[in-house]
Every structure is written in C-alpha cells, then in structure tokens.
2 protein chains.
Amino acid sequence: MEIKYKAIGIIKSPFKATEGMPIQSASASGVRGEVIVNEEYLEGLSDLDGFSHIVLLFHFHQSKKFKLKVKPYMDNVERGVFATRAPSRPNSIGLSVVKLIGIEGNKLIIENVDILDGTPLLDIKPYIYEMDNYDNNFRYGWITGKINKIKGTKSDSRFFAK
Amino acid sequence: MEIKYKAIGIIKSPFKATEGMPIQSASASGVRGEVIVNEEYLEGLSDLDGFSHIVLLFHFHQSKKFKLKVKPYMDNVERGVFATRAPSRPNSIGLSVVKLIGIEGNKLIIENVDILDGTPLLDIKPYIYEMDNYDNNFRYGWITGKINKIKGTKSDSRFFAK
C-alpha cells in the first residue's frame, strides 16, 4: 500500500552537511532554526504560538537506502533499525521535539534544532507531555547507560547519500 | 514535492469504529493491541524488546480531507489544525507512544492503544524521554486547564470519512 504525502514547508538550520550535526534535539540546546510553512497552510498555524514546544515530522531527504541492521551513532554493535533513530529507515520520517520561540507570519523561529538545512516538512503537532506519557518507568534496552552520550555525540555521513 | 511511503505493517486494536475511541494513548490505559510488521522487515525489530515504550507513526487511513481550522475534541472553539492532534491534516500522519509488552516474531503486543483497527503502520522508533525533552517548563496554549480532560474524552466521527 503506497501512501503519498506532500512537503508543506521547509526547515532551515545552520547544518548544511550531515557531518558533525547534533544527533538529537536534546544535544542541540540553543541551536536556532526556522520552519517556513507554505503560505497556503498559514491559517493552520493559528493558536500554535501558545505552545512552548512542538513536534516536527519531516522527511530525511538525504538518507541512504535503509538496511535492517545498522550501527547507531551511540554504539559499536549493529542494532535493528526500528530500535534506533537512524535516518535511513523503510519510511524515512524524522521526529524532533523543538522549542517554539516565536511565529512571524508563515515563519516559525525554533530552538534545539538537530535537523539538516533544507529538510522537507511533513507535519507540525503541539507537544503535550501528558498526551504521550502516562508513567515514567522507562526501559531503554541497548541505550541503557549511554543516555549521557546523547548530548556529546555528533553525526557522520554513515546514513546519508552525500 | 511529493513524498511516497509504503505501509510496513498494520495495527490491530479493539476499536473497529472511530466513535468512542480514546483520543490519546494517555486515555487508553490498559487497552491492548498488536502491531503486525510485514515479514520482510523482521530483522529490523532486533533489540526493540529492550524498550518499555515505542513511538508508532501511522497513516490515519479513514480521515476526511483536512480543514485548516478545526474544532478539537477538547474544545468548542476552532483552532489551527497544527495546534491540534486532529487526524485530518495536510499529511495525515498519526503519532502514538505505546507500551511494548512483548514481541512474538513479527507481532508486537502493545498497550495504551488509541488507534483504529486496521491502521497502516509507517514507522516504529524507540521512545527515549531524554532524546525528546530537555526541560520541563512547558506551555500548552489553548489546552492549558484542559489537560485533565484528556483521559475522559472520547472521539466522535467529526474527522473521519465513515
């Protein structure tokens, strides 16, 4: 079953190349970027300015063809791709929670940006902690004990076509 | 720019119709479901069993054509669609954080399911609180003061084609 989406805008960031990028928004503290939403969707941004954080869904447009086992940035062992956040996936959809600093027309000013410049935007959702969490008793499998590496780890070109 | 994805599996749940469904996973405590991942992706599920919670991205296959202003389940005022989690969106991608109970081959047993039976699966990611959160000073705009309604509110047919 094929599912077709359209880019509804574009994400701008200081990261022109995939090497050396923060690997998660948690490791991109203070990094500013912009989301330029296509004018036709402007009305859909109403009321968004009340939220401090938003979820961005986007298309990893430069990712390589996926492999089912990948060596993630934070490990030296191959892991199942669905147990990682690797950009090369069967459907290369990226997810970041970023801080919303302000909205100027169709431009969102965002912070904590771990996204490549020029990335096509798929969706924006309000981030509501209580919607997505109901307990705090989390187990993290292979990432256990590596959580403190999120902030310092940068990406390289392993998942990207150029 | 058109972006094409393929369903990589299907989500099974007790919800055969959109009316009366929990509106978020936080309001579906204890509700069990299954994710059936297509056999060709089986190897990609390695190491996932170590995680207590996973992020499911899926296609709202029964949603109506989107409108840019919508009346959400938890409000009587029209809001910009990107400031809501409404299923009818320019790109109808759904996001749920669910509890992973176990994996049997290509079948994931999940809990806290707020998803319609038969929904096409797009992606599975490990849920790692520390990746997506870096502070806890959240502002929720129009949802402020309505957070306690998440658990009790059920959906109706307003966003669905049948």
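**Figure 1. Confidence of the predicted model in chain A.** Chain A of this predicted model averages a pLDDT (the predictor's confidence in each residue, from 0 to 100) of 90, and 96% of its residues score at least 70. Among the elements of chain A, which are DSSP runs numbered from the N terminus (helices being H or I of at least four residues, strands being E of at least two), helix H1 (residues 129-132) has the lowest mean pLDDT, 73, whereas S2(A) has the highest, 98. Where pLDDT is low, the predicted coordinates should not be read in detail. For the complex, the predictor gives an ipTM of 0.92 and a pTM of 0.93. Residues are numbered from 1 along each chain as its sequence is written, and chains are lettered from A and ligands numbered from 1 in the order in which they are written. Because the model is predicted, local features need pLDDT of at least 70 and side-chain atom pairs count only at pLDDT 80 or more, while totals for chains, interfaces and linings use all residues.

**Figure 2. The barrel of chain A.** Six strands of chain A close into a barrel with antiparallel pairing, in the order S2-S3-S8-S7-S4-S9, where two strands pair if DSSP finds at least two bridges between them. Neighbouring strands of this sheet are turned by 45 degrees against each other on average, direction ignored, with axes being lines fitted to C-alpha atoms. Within the barrel, S4(A) (residues 53-59) and S7(A) (residues 93-104) pair in the antiparallel sense over seven bridges, and Leu57(A) stands opposite Leu95(A) of S7(A).

**Figure 3. Strand S3 of chain A and its two partners.** The covered face of S3(A) (residues 32-37) carries Gly33(A), Val35(A) and Val37(A), while Arg32(A), Glu34(A) and Ile36(A) belong to the uncovered face. In a regular strand the side chains alternate between the two faces of the sheet. S3(A) pairs in the antiparallel sense with S2(A) (residues 9-12) over four bridges, and Val37(A) of S3(A) has Gly9(A) opposite. The antiparallel pairing of S3(A) with S8(A) (residues 107-111) runs over five bridges, and Val35(A) has Leu108(A) as its bridge partner in S8(A).

**Figure 4. Strand S8 of chain B between S3(B) and S7(B).** In S8(B) (residues 107-111), Leu108(B) and Ile110(B) form the covered face, whereas Lys107(B), Ile109(B) and Glu111(B) form the uncovered one. Five bridges join S8(B) to the antiparallel S3(B) (residues 32-37), and five bridges join S8(B) to S7(B) (residues 93-104), again antiparallel. Ile110(B) stands opposite Gly33(B) and also opposite Leu100(B). S7(B) and S8(B) form a hairpin with two residues between them, and in its turn Gly105(B) has a positive phi of about 65 degrees.

Note on methods. A residue is buried if 20 or more other C-beta atoms lie within 10 Å of its own, exposed if 12 or fewer, and partly exposed in between; C-beta atoms are placed from the backbone. Axes are lines fitted to C-alpha atoms, for helices over the stretch in contact, and angles run from 0 to 180 degrees between N-to-C directions.
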